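Here's a quick walk through one protein model, going from the overall layout to the helix packing and then to a few individual residues. Have the structure open as you read.

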Amino acid sequence: MIPHARVSGTRRARVKMLADSAEPNDDASWRLTMLELNAAPVFAFTSEEGKMLQNGQGLVLFFADIDHALLELQNACMERPDQGMKLMPVGLGVAYAAVSEKKGIFVPGPSEVAAAQDLQLPPPEMAATMLADAGLESPIVQWERDVVPVFGCFQMSRRRADGSRFTPLFLSSADSQKAFDAAIAANPKRAEEAGMEVDCLPLEKVVKLAISGQGSSKGPWPRVLPPTKSTLYLQGKYP
């Protein structure tokens with residue numbers, strides 16, 4: 001059965017989408033952030049002809065976890081073998097824009113939702129400061145099933161080809177933990193730094209942070225990196 005992530009009950013205060021303006025795609029910072037997000041793929045079902053399929057509510061499902069996408073594809077093909085369904089990679093920025101326009105919905109992997117729920121504690125000092133500077137609230141307490149969790153440590157940074165620095169964030173909790181462990185192994189004293197721990201934020205808050213940092217001298221600002229397993233799948237090396 002193809003899942004449709006519904007959320008019932010009263011939501012905690014959620015961050016408004018950046019698309020509050022009438023024409024969000026005209027904003028240069030929005031466009032640049034969406035382009036950077038496209039480096040991380042999500043996956044959608046398509047027909048044999050390559051047309052993106054919708055669920056019963058007319059929404060495209062964007063799977064953030066390749067294992068979950070492959071499992072649901074297998075189930076869907078068993079239910080409807082005549083459709084010749086396939087998986088198609090979609091840039092995260094393209095999917096985010098579609099979701100913001102109510103044309104799609106994200107489907108995070110169950111293991112990532114569980115990891116996100118485990119991390120729903122007061123955010124580390126560094127993350128809290130960045131959120132406050134951007135006018136954003138702390139993460140929601142109950143993780144919602146249609147919200148993509150993004151993992152990372154806000155004390156870490158990497159360098160782009162142009163010399164600018166960014167905070168690496170991950171759609172995979174395992175990738176995030178691996179990067180964190182590598183940073184500590186390279187410099188064990190960093191473990192004593194305030195805020196040197198893995199945090200988790202909803203994707204839309206990460207997007208707002210990234211947009212607020214475009215053209216700013218402050219930072220480093222977040223950048224979502226492609227999941228290792230998704231990259232291997234696209235290379236034909238997974239599963």
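The protein's secondary structure adds up to 8 helices and 9 strands. Keep in mind that this is a predicted model. Of its 239 residues, 46% count as buried. Among contacts with a separation of 6 or more, 72% are between residues 24 or more positions apart.

**Helix α1 and its two partners**

Let's start with how some of the helices pack. Two packed helices are described by the angle between their axes and the distance between the axes. Helix α1 covers residues 28-37 and helix α7 covers residues 203-213. Here is how α1 sits against α7 and against α3:

| Helix pair | Axes come within | Crossing angle | Residues in the contact |
|---|---|---|---|
| α1 and α7 | 9 Å | roughly 125° | 6 nonpolar, 2 polar, no charged |
| α1 and α3 | 6 Å | roughly 125° | 6 nonpolar, 2 polar, no charged |

With an angle of roughly 125°, α1 and α7 are therefore oblique to each other. Their crossing is right-handed. On the α1 side, S29, W30, T33, M34 and L37 make the contact, and α7 answers with V207, A210 and I211.

The axes of α1 and α3 also cross at roughly 125°, so α1 and α3 are oblique to each other too. W30, M34 and L37 are what α1 brings to this contact, while α3 brings L92, G93, Y96, A97 and S100. So which α1 residues touch α7? W30, M34 and L37 are among them, and these residues also make the contact with α3. An α-helix has 3.6 residues a turn, so residues three or four places apart point the same way.

**Helix α3, an enclosed one**

How many of the 9 residues of α3 are buried? The count is 8, so α3 is largely enclosed by the rest of the structure. Those buried residues are L92, G93, A95, Y96, A97, A98, V99 and S100.

Take A98, which is found in α3. A98 has a relative accessible area of 15%, below the 20% cut-off, so it counts as buried. Setting aside neighbours within four places in sequence, A98 is in contact with F62, K103 and G104. The C-alpha atoms of A98 and L59 are 9.3 Å apart, with these positions 39 residues apart along the chain.

Just past this helix, things change. α3 is followed by K102, which has a positive phi. The value is about 65°, although K102 is not a glycine. K102 is found in the loop between α3 and β4 (104-107). Is K102 buried or exposed? Its relative accessibility is 70%, so K102 counts as exposed.

**The nonpolar cores**

In soluble globular proteins, nonpolar side chains tend to be buried together. Here the largest nonpolar core holds 33 residues, of which F62, L92, F106, L203 and V224 touch the most other members. Several elements each supply at least two residues: α1, β1 (41-46), β2 (60-63), α3 (92-100), α5 (125-133), α7 and β9 (221-225). Of these, α3 gives the most, with 6 residues.

V224 is worth clicking on. Leaving out neighbours within four places in sequence, V224 is in contact with E36, L37, A40, L92, V150, L169, L171 and V206. Apart from the largest core lies another one, of 13 residues, including L59, F63, A69 and M85.

**Toward the end of the chain**

Which residues does S230 touch, not counting those up to four places away in sequence? They are P41, F43 and I66. S230 is found in helix α8. With a relative accessible area of 1%, under the 20% cut-off, S230 is buried.

One last backbone detail to look at is the cis peptide bond that joins Y238 and P239, with omega about 0°. P239 lies in the segment after α8 (228-234).

Note on methods
Residues are numbered from 1 along each chain as its sequence is written. This is a predicted model: local features need pLDDT of at least 70, side-chain atom pairs count only at pLDDT 80 or more; totals for chains, interfaces and linings use all residues. Side-chain values use heavy atoms; hydrogens and water are left out. Axes are lines fitted to C-alpha atoms, for helices over the stretch in contact, and angles run from 0 to 180 degrees between N-to-C directions. Helices (H or I, at least four residues) and strands (E, at least two) are DSSP runs, numbered from the N terminus. Angles under 35 degrees count as roughly parallel, over 145 as roughly antiparallel, 65 to 115 as roughly perpendicular and the rest as oblique. A crossing is left-handed if the near helix is turned anticlockwise from the far one by less than a right angle, and right-handed if clockwise. Contact means heavy atoms within 4.5 Å. Ala, Val, Leu, Ile, Met, Phe, Trp, Tyr, Cys and Pro count as nonpolar, Asp, Glu, Lys and Arg as charged, and the others, Gly among them, as polar. A nonpolar core is a set of buried Ala, Val, Leu, Ile, Met, Phe, Trp, Tyr and Cys residues joined through side-chain atoms within 4.5 Å. Buried means under 20% relative accessible area, exposed over 50%, partly exposed in between (1.4 Å probe, protein chains only).
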